[in-house]
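Q: Before we look at particular residues, could you show me how to read a model of this kind, feature by feature? I would like the general idea each time, and then the case at hand.

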Amino acid sequence: MSVGKVTFTKVEREKLAEVLWLLNWISVVTGAILLGMGLFLKMEIQKWQEVMSEQGVLYVPHMLITTGLAACGINFLGGKICLDCADTNKFLRWKLVMMPYVICTFFFTACILAGALMCYNIRSELEESLFLGLRYSMLYYKDTDTPGRCYLKRMLDLLQIHFQCCGNTGYKDWFQIQWISYRYLDLRSMAVVDRLRNNVEGKFLMDSVPFSCCSPLSPRPCIQQQLNRPLAHFNFDQQSQHLNLWRKGCRQALLDHYTIIMQSISLIVLLIWLFELLVLTGVRYLQTAMENVIRVGDPESESEGWILENSLAETARSNFNIIKNLGKCYQVDNDPNINVPAMIAEQEIHSEQVQVQRTS
């Protein structure tokens, strides 16, 4: 029993072909949108890729870029095919192409859905990448004169100013690392030496933060040092302390930034997937309707179109049997013709020997 069987007249087949021609051209535009979103997402990730532990998250924009290019190519060809399918004679030129085209469109549509799901599910992977990347960048914040790391200080300062954040999870993360280079420490000072000796790893740790953590909303000059000692600062107001430094961690700030972008892109990609699914369904109806017209032999007659010729269970069973038989080799052990060439050769040799004996 066919799935989604619909009967089409000649006029309805022509109208369907014209509508699909228009929808395919719209799909070319949606493919360009997919391409543009992939490029935009890639550039947004590359802006702050130095504070990410790995570049594995780039597979999402690469997926969108590839799918967008495929959409432009497939739907451009689909527009030409659908326009020609309005005429039975022209359809014969595309008859052998139609089924591979439908299959390619099906897998391409599945890739669009996969791209939408990737945008939704990348949050946890991105969060881990940002956490490790920011921790690494903060550890080497002080190495401004070390090749390969000299850019990290500038990058982190710009990040904290731009996103109004401080540290990895918060400003106290700076208390646990040495972010001032030995180059700028006066090792002749007893206070500096004592602080280095008091740390097990010999690091110069302070309850202070870089200048980029300071908030311009603070009513007083920014307090960067001795943050754990409020009494060390004159007229210190505990109530307004939250205005002094940015409280949000940069990991959360970046994660929120990318989450908004990902969710917006995934929603658009999901809408494009629904549109492409509509186009795929229409192309399948047009293909089956035109093939049935050719079987009947009367271009003016009605014809039936369907999504699946048999039920879903029968189609799955048939495809499973085809796949199962692909690995089987053709058994020739009981073939009666298997030794025919050898038998013929033996008969020819025997006849030649008889002729030679007669002549002798």
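A: Let us begin with confidence. Among the elements of the protein chain, helix H9 (residues 340-359) has the lowest mean pLDDT, 50, whereas helix H5 (residues 152-163) has the highest, 94. This is a predicted model, and the chain averages a pLDDT of 82, with 82% of the residues scoring at least 70.

Q: Over which residues does pLDDT stay under 50, and how many contacts beyond four places in sequence does the model have for them?
A: The general idea is that where pLDDT is low, the predicted coordinates should not be read in detail. Here pLDDT stays under 50 over residues 329-340, and for that stretch the model has two contacts beyond four places in sequence.

Q: How should I read the overall architecture, and how many helices and strands does the protein chain have?
A: One counts the elements and then follows their order. The protein chain has nine helices and two strands, and from the N terminus on the elements run β-α-α-α-α-α-α-α-β-α-α. Of the 360 residues in the chain, 39% are buried. Among contacts between residues at least 6 apart in sequence, 73% join residues at least 24 apart. The accessible surface comes to about 21,400 Å², and carbon and sulfur atoms account for 61% of that surface.

Q: How do I read the surroundings of a single residue such as Ser27: is Ser27 buried or exposed?
A: Relative accessible area is the value to consult, and a residue under 20% is called buried. Ser27 has a relative accessible area of 0%, so it is buried, and its place is in helix H1, which spans residues 10-47. If neighbours within four places in sequence are left aside, Ser27 is in contact with Asn75, Phe275, Glu276 and Val279. With Glu276 there is a polar contact between the two side chains, at 3.1 Å. As for Gly73, which is 46 residues from Ser27 along the chain, the C-alpha atoms of the two are separated by 10.0 Å.

Q: Is Asp84 buried or exposed, and which residues does Asp84 touch?
A: The same reading applies. Asp84 is found in helix H2, and its relative accessibility is 4%, so Asp84 counts as buried. Not counting residues up to four places away in sequence, Asp84 touches Lys90, Phe91, Arg93 and Trp94.

Q: Which residues form the nonpolar patch on the surface?
A: Trp21, Leu22, Trp25, Ile26, Phe76 and Leu83 form the patch, and together they have about 570 Å² of accessible area. The elements that give two or more residues to it are H1 and helix H2 (59-84), and the largest share, four residues, comes from H1. One of the members, Leu22, lies in helix H1 and counts as partly exposed because its relative accessibility is 46%.

Q: How many salt bridges does a search of the whole structure find, and how do I read an individual pair?
A: The search finds eleven. For an individual pair, one asks where each partner lies in sequence and how accessible each one is. Glu127 forms a salt bridge with Arg251, the closest N and O atoms being 2.8 Å apart. Because Glu127 lies in helix H4 (residues 123-139) and Arg251 in helix H7 (residues 250-296), the pair ties together parts that are 124 residues apart in sequence. Glu127 is partly exposed at 28% relative accessible area, whereas Arg251 is buried at 16%.

Q: How far apart in helix H1 are Glu44 and Lys47?
A: Glu44 and Lys47 are three residues apart in helix H1, which means that about one helical turn separates them, and their side chains meet in a salt bridge (3.0 Å, N to O). Glu44 is buried, with a relative accessible area of 9%, while Lys47 is partly exposed at 47%.

Q: Which residues are linked in a network of salt bridges?
A: Lys142, Asp143 and Arg149 are linked in such a network.

Q: Finally, how do I read the backbone at Gln164, and what is its phi?
A: One looks at the sign of phi together with the residue type. Gln164 has a positive phi of about 55° although it is not a glycine. Gln164 lies in the loop between H5 and helix H6 (190-198), and it is partly exposed, with a relative accessible area of 45%.

Definitions and conventions: Residues are numbered from 1 along each chain as its sequence is written. This is a predicted model: local features need pLDDT of at least 70, side-chain atom pairs count only at pLDDT 80 or more; totals for chains, interfaces and linings use all residues. Side-chain values use heavy atoms; hydrogens and water are left out. Buried means under 20% relative accessible area, exposed over 50%, partly exposed in between (1.4 Å probe, protein chains only). Contact means heavy atoms within 4.5 Å. A polar contact is a pair of N or O atoms within 3.5 Å; within protein, one must be able to donate a hydrogen and the other to accept it, and residues adjacent in sequence count only if both atoms are side-chain atoms. Patches are made of residues with over 30% relative accessible area and no salt bridge: like charges are joined within 9 Å, nonpolar side chains (Val, Leu, Ile, Met, Phe, Trp, Tyr) within 5 Å. Accessible areas come from the Shrake-Rupley method with a 1.4 Å probe; for residues, only the protein chains shown count as cover. A salt bridge is a side-chain nitrogen of Lys or Arg within 4 Å of a carboxyl oxygen of Asp or Glu. pLDDT is the predictor's confidence in each residue, from 0 to 100.
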